[in-house]
Number of protein chains: 2
Amino acid sequence: MGVTIKDIAKETGFSVATVSRVLSNKVGFFSQDTAAVVNAAATKLGYKKNMAATELVTQKSSVIAVIVNSTKTNFSDPIIEGIQQKAAESDKRVIILYAGDHDATSQRRALSTALERPIAGVLLLSVDLFEENLQLLKTAQVPFRFISISFKDSALNYVASDDQQIGYLATKYLIKMGHRCIGLAGIDIESSAHTGKMRLAGYKRALAENNIPLQKNWIQTGNYSYEAGLLAMQNYSNQKCISAVITGSDLVGIGLLNQAAKLHLSIPDDLSLITIDGTYLCRIVQPQLTSVTQDFYHMGYLGAEYLISDQQQNAFTDVKISERESVKKLTL
Amino acid sequence: MGVTIKDIAKETGFSVATVSRVLSNKVGFFSQDTAAVVNAAATKLGYKKNMAATELVTQKSSVIAVIVNSTKTNFSDPIIEGIQQKAAESDKRVIILYAGDHDATSQRRALSTALERPIAGVLLLSVDLFEENLQLLKTAQVPFRFISISFKDSALNYVASDDQQIGYLATKYLIKMGHRCIGLAGIDIESSAHTGKMRLAGYKRALAENNIPLQKNWIQTGNYSYEAGLLAMQNYSNQKCISAVITGSDLVGIGLLNQAAKLHLSIPDDLSLITIDGTYLCRIVQPQLTSVTQDFYHMGYLGAEYLISDQQQNAFTDVKISERESVKKLTL
DNA sequence: AAAACTATTGTAAACGTTTACTGTAAGTGA
DNA sequence: TCACTTACAGTAAACGTTTACAATAGTTTT
């Protein structure tokens, strides 16, 4: 379709080799005069390099494929920004593929789209790969890393937050603020990703360290969604004991918040709330949500870095408590 | 790097031509027996087609590049879902490129990433292209469409909402609810995209039709952001006249809502609010925001459809009022 | 039984690049 | 002057596919 180096060669009288050399800037292989002529012709004709051809012959690519699941993960934006930043620094390109909402077929389609062309590597943003698709990815001779999701199986490299620590920190913070009856809501402890299980473990550890016996119905599992928050609050409403809850995501937290309002419970006066994630959503609701904040940007940056420089290690990014308005200090 | 059809040819004893034919399913050009053998070998060796090579020789591609600007456009998700849906139906692939936040360089990088390889077309999601980048796009011989942004220049094809009508509808609705002093906040009327200007025009028309003289400071421009909402509310606070405002995006609306709370104004009792967009954000704040709701999903679907079937027309998708809790009916 | 067709396969060129190998002319050092 | 570099440019093969064309064997038609 478009203009090729052949056209430029014809136009300028040079061979395609020479044209290719100036256009891909192989310094030392052409004179300045030649370069000027060739470049002029290139812009005049509106030349655009065909990367497919380049990648075919060089057998390498500078594009990183990022797979995200479209389930409303409102934190994928900062992760992607981190990736973009690192990619730009390393002169890589980034393409993003949507893998649907935990749907094997569209997950597979996204993966294929990525793998069926030369790419430098793939980054998976909190996508919990189906076994078959993981196989697909493994057999492709392409480096890959998971971001914002970790595994027991340490054969899989990831950059994520330490979910055990998240659960632990949130719980300890609440205890420090005087709470003893602490709920944990909206986390998924069935999934093959062990995010939920780890958070639960951290929560239990903090409770145990403070000699607080865990009551079974303090834990309300869910899929990190807004609706899970609504439901969890509903279930908590008939247990007067609970004075604070930890929510598995900002959306869960907001769900809880809104359902609490419907039940005429005021936050933080009647119930304290700390949420996990700390995205911008925490700041646009009232009251603003105190959170265990993850460093998503850095997660993306680091994930890209490890992928690009082929470091095999896993990493945890920092996590911190951001105090806002949803936790009340209890005094005895 | 990977397994090629040559390897399969060697493995099975057939020529590469035959292998290619069965693998790309050119029915009628091979026997079932052959197909079985070849396919078996392909899966055994873990063959993965190199699309770059295919696209090179066939001179066509099945991938649609979607360019989005990363500025927190919380409505891009449903648009992308619509695109994905149509693409899946038409057996196309979708890749997404982030064009930064109104930054010419990263916009250019995204565009180049797309154009430097064979693609079927490009879809631009509410990205206001810099002139130079528009030229770049035009000279590439690739079909493109804009989504969720419209232009005076009708040479540029788009699928969007009718912003004139949006402004008109919102205003008329408020008037019907008894309001006479109506603000318009957070819209950008400087941009080359005429979204803001059109909304303003619709607003003015509705006002004029109802013989309401427009006061200059009813209009608070901005860049559709949360902060713009905060600021607008601040500016409204010393004009007691205003009883309702139209906000240029859900985030602007939420900004207004929160700033109003800070000023001890209750919505909708002290001030009514209707926002433009109607994304999920309207439903997770308190009170839930009444909105002029755009059909983003359909916008994406239609944009993809027009691109794929090469229809040159522009289109407006439907827009409707979603009554929620932020508008109060005034009775005289 | 010759002619004509059908089904299946192979040969080789093409897509747009890059790059190892050559070639050539001018410059350098003795 | 001659051997040796150096700077620049051209030739051709290669990357992994697809596909027009040709070839073969078998089958059908007459």
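Student: Which polar backbone atom is 2.9 Å from a phosphate oxygen of DNA strand C?
Tutor: The model is predicted. In it, chain B also supplies a backbone contact to this strand, with a polar backbone atom of Ser15(B) 2.7 Å from a phosphate oxygen. The atom at 2.9 Å from a phosphate oxygen of DNA strand C is a polar backbone atom of Ile5(A).

Student: Which residue has a polar backbone atom 3.4 Å from a base nitrogen of DNA strand C?
Tutor: Of the atoms of DNA strand C within 4 Å of the protein, 68% belong to sugar or phosphate, and the rest belong to bases. The contact at 3.4 Å involves a base nitrogen, and its protein partner is a polar backbone atom of Ala53(A).

Student: Which residues come nearest to DNA strand C?
Tutor: There are 29 residues around this strand. By class they divide into 11 nonpolar, 12 polar and six charged. Those that come nearest are Ser20(A), Tyr47(A), Ser15(B), Arg21(B) and Thr34(B).

Student: Which element gives the largest share of the surface near DNA strand C?
Tutor: In chain A, α1 (5-12), α2 (16-23) and α4 (51-58) each supply at least two residues of this surface. In chain B, α2 (16-23) and α4 (51-58) do so. The largest share is four residues, and it comes from α4(A).

Student: What is the distance between a base nitrogen of DNA strand D and an N or O atom in the side chain of Arg21(A)?
Tutor: Arg21(A) is one of the residues that come nearest to DNA strand D, together with Ser15(A), Thr34(A), Ser20(B) and Tyr47(B). Of the atoms of this strand within 4 Å of the protein, 69% belong to sugar or phosphate and the rest to bases. The base nitrogen and the side-chain atom of Arg21(A) are separated by 2.6 Å.

Student: Which residue of chain B has a backbone N or O atom 2.9 Å from a phosphate oxygen of DNA strand D?
Tutor: From chain A, a polar backbone atom of Ser31(A) is 3.3 Å from a phosphate oxygen of this strand. From chain B, the backbone atom at 2.9 Å from a phosphate oxygen belongs to Ile5(B).

Student: Which helix supplies the largest share of the surface near DNA strand D?
Tutor: α2 and α4 of chain A each supply at least two residues, as do α1 (5-12), α2 and α4 of chain B. By class the surface has 10 nonpolar, 12 polar and six charged residues. The largest share, four residues, comes from α4(B).

Student: How are α1(A) and α2(A) oriented to each other?
Tutor: Their axes are 9 Å apart and the packing angle is about 110°. Angles of 65 to 115 degrees count as roughly perpendicular. α1(A) and α2(A) are therefore roughly perpendicular to each other.

Student: Which residues of α2(A) meet α1(A)?
Tutor: α1(A) passes α2(A) in a right-handed crossing. By class, this contact has six nonpolar, two polar and one charged residues. α1(A) contributes Ile5(A), Lys6(A), Ile8(A), Ala9(A) and Thr12(A), and the residues they meet in α2(A) are Val16(A), Val19(A), Ser20(A) and Leu23(A).

Student: How are α1(A) and α3(A) oriented to each other?
Tutor: The axes of α1(A) and α3(A), residues 32-45, come within 10 Å and cross at roughly 120°. The crossing is right-handed. α1(A) and α3(A) are therefore oblique to each other.

Student: At what angle do the axes of α8(B) and α9(B) cross?
Tutor: α8(B) covers residues 163-176 and α9(B) residues 195-209. Their crossing is right-handed, and the residues of the contact divide into eight nonpolar, five polar and five charged. The axes come within 6 Å and cross at roughly 35°.

Student: Where is Pro268(A) in chain A?
Tutor: A cis peptide bond joins Ile267(A) to Pro268(A), with omega about 10°. In chain B, the peptide bond from Ile267(B) to Pro268(B) is cis, with omega near 10°. Pro268(A) is in the loop between α11 (250-262) and β9 (272-277).

Student: What is phi of His264(A)?
Tutor: His264(A) is in the loop between α11 and β9 of chain A. Its phi is positive although the residue is not glycine, and the value is near 60°.

Notes:
Residues numbered from 1 in each chain as written. Chains lettered and ligands numbered in written order. Predicted model: local features only at pLDDT ≥ 70, side-chain atom pairs only at ≥ 80, totals over all residues. Heavy atoms only, no water. Near = heavy atom within 4 Å. Polar contact = N/O pair within 3.5 Å; in protein donor to acceptor, adjacent residues only side chain to side chain. Nonpolar A, V, L, I, M, F, W, Y, C, P; charged D, E, K, R; others polar. Axes fitted to C-alpha atoms, helices over the stretch in contact; angles between N-to-C directions. Parallel < 35°, antiparallel > 145°, perpendicular 65-115°, else oblique. Left-handed = near helix turned anticlockwise from the far one by under 90°. Contact = heavy atoms within 4.5 Å.
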